[in-house]
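Open the model in your viewer and keep the selection box handy. We will go stop by stop, with something to pick at each one.

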Amino acid sequence: MSWKPPPASAERLRAKLDDEFETVAKPQGLRRTSDARREQEAKSGEAPDQWSRSSEAGNARSGRRAAAAAAGDGPDADGQSARKGPSLKMRAVGYLSRREHAREELARKLAAHAEDPAEVEAVLDALEKEGWLSTERFAQSLVHRRASRQGAARIVQELRQHGVDDNQVAELREQLRATEYDRALEVWKKRFSAKPEDRAAYAKQARFLASRGFAHDVIRRILGEGGDED
């Protein structure tokens, strides 16, 4: 039997099937290649965009370091670490928020955190101007806290140790002396139940009141004149 060429319709059908095969095969090949790449990346433990994210994180860290250096929180140009912690003024405000301070007392506390004494004086001047710091207010506060337990002599001594002005000390001493007897009597009542019956008891009670800073004339008024009796 002699070979006969296929009809034209059969040729067209074959060409159409070839075209459809190529259309289907190409995406499948692409998918297989993409799957293989993802499997390889999974085995290496690295996501496709890991390098880009690492680069962005590095840039962010560099930006933060630059900002910290500009604010004085990071290393300076010589590579030395800048002084850390709150500023002198913030430290001072922290002390003053807890209780009143005299200027000299606050200066002593700040000196440990300052490189230059002039820096401390500038902070204290600013605090006095703004009303945060007042030695006069400190003196009134100290008297208020001590008066119920101590005599004028001891309170005056503490005021002077804190550098309170002599004129204010003299004024406060007069106020304390005016109430010395009543305050000493209350302190004595809290400690002793009765007046001394002999010389030893008298000496003990007198020493106690004197140690609190009460005047000797006030002590004699409270304990009586029986100290020399047996």
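How many residues does helix α8 have, and how far does α8 reach from its first C-alpha to its last? Select residues 166-178 to find out: this is a predicted model, and in it α8 has 13 residues and reaches 19 Å, close to the 18 Å expected at 1.5 Å a residue.

**Around α8**

Stay on this helix and show the side chains of Q168, V169, L172 and L176, the buried residues of α8. They cover an arc of only 100 degrees around the axis, which puts them on the same side of α8. What do these buried residues pack against? Add α6 (135-146), α7 (152-161) and α9 (180-191) to your view, and you have the partners.

Now turn to the face of α8 that points away from its buried side, where you will find the exposed residues D166, N167, E174 and A178. Before leaving, select D165, which caps the N-terminal end of α8. A side-chain oxygen of D165 lies 2.9 Å from the backbone nitrogen of N167.

**On to α6**

Next, pick α6, one of the helices that the buried residues of α8 pack against. The 12 residues of α6 should span 16 Å at 1.5 Å a residue, and its end C-alpha atoms are indeed 16 Å apart. Colour T135, F138, A139, L142, V143 and R146, the buried residues of α6. Look down the axis of α6: these residues fall within an arc of 135 degrees, so they line one face of the helix. Their packing partners are α4 (103-111), α7 and α8. On the face turned away from the buried side, look for the exposed residues E136 and H144.

**A closer look at R146**

Is R146 buried or exposed? This α6 residue is buried, with a relative accessible area of 17%, which falls under the 20% cut-off for that label. Show E158 as well: a polar contact of 2.9 Å joins the side chains of R146 and E158. If you leave aside neighbours within four places in sequence, R146 is in contact with I155 and E158.

**Last stop: R91**

Finally, select helix α3 (residues 88-98) and find R91 there. R91 is partly exposed, with a relative accessible area of 23%. Which residues does R91 touch, not counting those up to four places away in sequence? Display P86, L110 and H113 to see them. To end, put a distance label between the C-alpha atoms of R91 and L110: they are 19 residues apart along the chain and separated by 7.5 Å.

Methods: Residues are numbered from 1 along each chain as its sequence is written. This is a predicted model: local features need pLDDT of at least 70, side-chain atom pairs count only at pLDDT 80 or more; totals for chains, interfaces and linings use all residues. Side-chain values use heavy atoms; hydrogens and water are left out. Helices (H or I, at least four residues) and strands (E, at least two) are DSSP runs, numbered from the N terminus. The expected span of a helix is 1.5 Å times one less than its number of residues. Buried means under 20% relative accessible area, exposed over 50%, partly exposed in between (1.4 Å probe, protein chains only). The arc is that of the directions from the helix axis to the C-beta atoms. Contact means heavy atoms within 4.5 Å. A polar contact is a pair of N or O atoms within 3.5 Å; within protein, one must be able to donate a hydrogen and the other to accept it, and residues adjacent in sequence count only if both atoms are side-chain atoms.
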